[in-house]
Amino acid sequence: MKKEKQKNRYVRIIEKIFLGHYKPGCTEVHFKRTEIVDVAQDLSIQLPKNLGDVIYSFRYRTELPASIRKKAPKDHQWVIRPAGRGQYKFVAAKMATVVPSKMLAETKIPDATPGVIDM
């Protein structure tokens, strides 16, 4: 049986913050940046040097944990948005689906690779 992968500290912190404020059916979950310090102490996790990176990483670099994603309403996903100085909120936003239009023409581009490189 496989061992469950250890969650990193950012995931553990953001999960505890979200689940501490989440109530079934809500579409916004507010929290303060200072909660990162409190949660890290509660979980006995070494505090990240850059507190903002915890939030930034889930806004721009990585997916929110599955435990948070599964609580989003149907056809929505959780995103983190600013809500004032040192305050943030998880917002259930409609999922965006980008599909190319069938009405657009396809443009063929000739291969211009020089012969020496092509060999």
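Contact here means heavy atoms within 4.5 Å. The exercises below concern a predicted model.

**Exercise 1. Describe the order of secondary structure elements along the chain and the overall dimensions of the chain.**

Solution. Begin with the inventory: the chain holds five helices and three strands, and along the sequence these elements follow the pattern α-β-α-α-α-β-β-α. Next take the dimensions, for which the C-alpha atoms fill a box of roughly 65 × 45 × 35 Å along the principal axes. The radius of gyration of the chain is 21 Å, whereas a compact globule of 119 residues would have one near 14 Å. Then turn to burial and contacts: 31% of the 119 residues count as buried, and of the contacts with a separation of 6 or more, 50% are between residues 24 or more positions apart. Finally, the accessible surface comes to about 9,500 Å², and carbon and sulfur atoms account for 53% of that surface.

**Exercise 2. Determine which residues of helix α3 are buried, what covers them, and which residue caps the N-terminal end of the helix.**

Solution. Helix α3 spans residues 51-61, and its buried residues are Leu51, Gly52, Asp53, Val54, Ile55, Ser57 and Phe58. To find their cover, look for elements in contact with these residues; the cover includes the helices α1 (9-21) and α2 (35-42), together with the strands β1 (28-32), β2 (76-82) and β3 (87-94). The last step concerns the N-terminal end of α3, which is capped by Asn50, with a side-chain oxygen of that residue 3.1 Å from the backbone nitrogen of Gly52.

**Exercise 3. Classify the ring pair of Phe18 and Trp78, and place both residues in the structure.**

Solution. A pair of aromatic rings is described by the distance of the centres and the angle of the planes. The structure holds seven aromatic pairs. In the pair of Phe18 and Trp78, the ring centres are 5.2 Å apart and the planes stand at 70°, so the pair is edge-to-face, given that planes over 60 degrees apart fall in that class. As for location, Phe18 belongs to helix α1 and Trp78 to strand β2, so the pair ties together parts that are 60 residues apart in sequence. Now apply the burial cut-off, which is under 20% relative accessible area: Phe18, at 0%, counts as buried, and Trp78, at 6%, is buried as well. To complete the picture, follow the ring pairs outward from these two residues, since ring pairs link Phe18, Tyr22, Phe31, Trp78, Tyr88 and Phe90 into a cluster.

How values were computed. Residues numbered from 1 in each chain as written. Predicted model: local features only at pLDDT ≥ 70, side-chain atom pairs only at ≥ 80, totals over all residues. Heavy atoms only, no water. Buried < 20%, exposed > 50% of the residue type's maximum accessible area, 1.4 Å probe, protein only. Helix = DSSP H or I, 4+ residues; strand = E, 2+ residues; numbered from the N terminus. Polar contact = N/O pair within 3.5 Å; in protein donor to acceptor, adjacent residues only side chain to side chain. Phe/Tyr/Trp six-rings, centres within 6.5 Å; stacked < 30°, edge-to-face > 60°. Rg over C-alpha atoms; globule rule 2.2 N^0.38 Å. Areas by Shrake-Rupley, 256 points an atom, 1.4 Å probe, with all protein chains shown as cover.
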